[in-house]
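Me: Please take a close look at one helix packing site in this structure. Walk me through the contact, the charges in it, and whatever else helps place it in the chain.

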Amino acid sequence: MQGTVYKSTGSWYTVKSEEGGFYECRIKGKFRIKGIKSTNPVAVGDNVVFELEEIGDETVAVIYEIKERKNYIIRKSVNLSKQTHIIAANLDQVFLLITLNNPPTFTSFIDRFLVTAEAYEIPVVLLFNKMDVYDEDQMIEVDYLIKLYTEIGYSCIDIAAKEGKNVDKVKELMIGKTSMFSGHSGVGKSTLVNALESGLKLKTAEISEQHLQGQHTTTFAEMYDLSFNARIIDTPGIKGFGIVDMEQSEIGDYFPEFFKLKPECKFNNCLHLDEPKCAIKNALENNEISWSRYRSYVQMITDEEENYRVDIYK
């Protein structure tokens, strides 16, 4: 039988068959010895082949094969630097929820997420949430970020999930697609999903954050079928986003505004650091490229941790 993974607990996988039934599956042991460094060899969204087996007096569903993925979102595992964690697979798009404060979403985190999505050709929509609680100065800062990422080419929507502001715009983009919602704990992912589909009644981050804290390597995503012909993958809040398996020379290609100017650099292998006649550094000095984006880039190619906030106005 074939089906799609809807939920993972690390040892059990909920699979929806092509016929529409749900099965609790285990994986064949060979997946764990294939040299896969991921903490989860089978991810939510994976298309798999599974069979029912008689083991003793019970019938057990066993996953034998993972079909080729069209894409996936992957990051370094927290506290497990040599391993990676596949957040979800076979996505049509990702919605990254961003809040200015409570909790703050730093541009370094946004940019790391966008680079990974660019590498796997996954469209990203940036959702700036909690617009109903910002004061005038904070609104100016959000407007700046929306202008910054819109000019680069990313779709941005300002929303207030609790108030329902622009939730209809999000819903329109989701019809007929498999979408993943991601962001830090507390940015309003579950609140937004509940606003899109009230019958799901997902626990909101304010309630669930306490028991999710510190469990990011063992807490997994879950997929839901929605009533308006859409599928949503809701993910646990993530603190950091380490990029995986990228050479220094290719990271800049996943910054669209850098890639556009790259042919104008004097050297083909320019890393946009100290090289002469670098088009990216020139554009930076002329304020044609954001300093926050450039700082994010430098962090990534020097493999710094994204643990400080950049000044978005410099």
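**The contact of helix 1 with helix 9**

Reply: Helix 1 (residues 107-119) and helix 9 (residues 291-301) have axes that come within 9 Å and cross at roughly 65°. That crossing makes helix 1 roughly perpendicular to helix 9, because angles of 65 to 115 degrees fall in that class. The crossing of helix 1 past helix 9 is right-handed. Keep in mind that this is a predicted model.

Now the residues. Helix 1 brings Thr-107, Ser-108, Asp-111, Arg-112, Leu-114 and Val-115 to the contact. Helix 9 meets them with Ser-292, Arg-293, Ser-296, Gln-299 and Met-300. By class, the residues of this contact divide into three nonpolar, five polar and three charged.

Two of the residues in this contact, Asp-111 and Arg-293, deserve a closer look. Their side chains meet in a salt bridge, at 2.9 Å from N to O. The pair links distant parts of the chain: Asp-111 sits in helix 1, Arg-293 sits in helix 9, and 182 residues separate them. Are these two partners buried or exposed? Asp-111 has 0% relative accessibility, so Asp-111 counts as buried. Arg-293 has 1%, so Arg-293 counts as buried too. The cut-off for buried is under 20%. The pair also belongs to a network: salt bridges link Asp-111, Glu-257 and Arg-293.

The chain just before helix 1 has a feature of its own. Pro-103 is found in the loop between strand 8 and helix 1. A cis peptide bond joins Asn-102 and Pro-103, with omega of about -5°. As background, most peptide bonds are trans.

On the other side of that loop is strand 8 (93-98). Leu-96 is found in strand 8. Its relative accessible area is 0%, so Leu-96 is buried. Leaving out residues up to four places away in sequence, Leu-96 touches Phe-109, Ile-110, Phe-113, Val-124, Val-125, Leu-126, Leu-127, Ser-182 and Gly-183. Among them, Phe-109, Ile-110 and Phe-113 fall within residues 107-119, the span of helix 1. Leu-96 and Phe-128 are 32 residues apart in sequence, with 8.5 Å between their C-alpha atoms.

For comparison, take another helix pair. Two packed helices are described by the angle between their axes and the distance between the axes. Helix 3 (residues 167-174) packs with helix 4 (residues 189-196) at an angle of about 80°, and their axes are 10 Å apart. That makes helix 3 roughly perpendicular to helix 4. Val-167, Val-170, Lys-171 and Met-174 of helix 3 make the contact with Leu-192, Ala-195 and Leu-196 of helix 4. By class, there are six nonpolar, no polar and one charged residues here. The contact of helix 1 with helix 9, again, has three nonpolar, five polar and three charged.

The loop before helix 3 holds a backbone feature. Asn-166 lies between strand 10 (155-158) and helix 3. Asn-166 is not a glycine, yet its phi is positive, at about 65°. With a relative accessible area of 15%, Asn-166 is buried. Lys-277 also has a positive phi, near 50°, and is a residue other than glycine. Lys-277 is found in the loop between helix 7 (256-261) and helix 8 (279-285). At 68% relative accessibility, Lys-277 counts as exposed.

Back to the charges. How many salt bridges does the structure hold? The count is nine. One of them joins the side chains of Lys-16 and Asp-225, at 2.7 Å from N to O. Lys-16 is in strand 2 (residues 13-17) and Asp-225 is in strand 12 (residues 222-226), 209 residues apart. Lys-16, at 22% relative accessibility, counts as partly exposed. Asp-225, at 34%, counts as partly exposed as well.

Another salt bridge joins the side chains of Asp-92 and Lys-70, at 2.7 Å from N to O. Asp-92 is in the loop between strand 7 (80-89) and strand 8, and Lys-70 is in the loop between strand 5 (58-66) and strand 6 (72-77). The two are 22 residues apart. Asp-92 is partly exposed, with a relative accessible area of 28%. Lys-70 is exposed, at 53%. In the contact of helix 1 with helix 9, by contrast, Asp-111 is buried, and so is Arg-293.

Methods
Residues numbered from 1 in each chain as written. Predicted model: local features only at pLDDT ≥ 70, side-chain atom pairs only at ≥ 80, totals over all residues. Heavy atoms only, no water. Axes fitted to C-alpha atoms, helices over the stretch in contact; angles between N-to-C directions. Helix = DSSP H or I, 4+ residues; strand = E, 2+ residues; numbered from the N terminus. Parallel < 35°, antiparallel > 145°, perpendicular 65-115°, else oblique. Left-handed = near helix turned anticlockwise from the far one by under 90°. Contact = heavy atoms within 4.5 Å. Nonpolar A, V, L, I, M, F, W, Y, C, P; charged D, E, K, R; others polar. Salt bridge = Lys/Arg side-chain N within 4 Å of Asp/Glu carboxyl O. Buried < 20%, exposed > 50% of the residue type's maximum accessible area, 1.4 Å probe, protein only.
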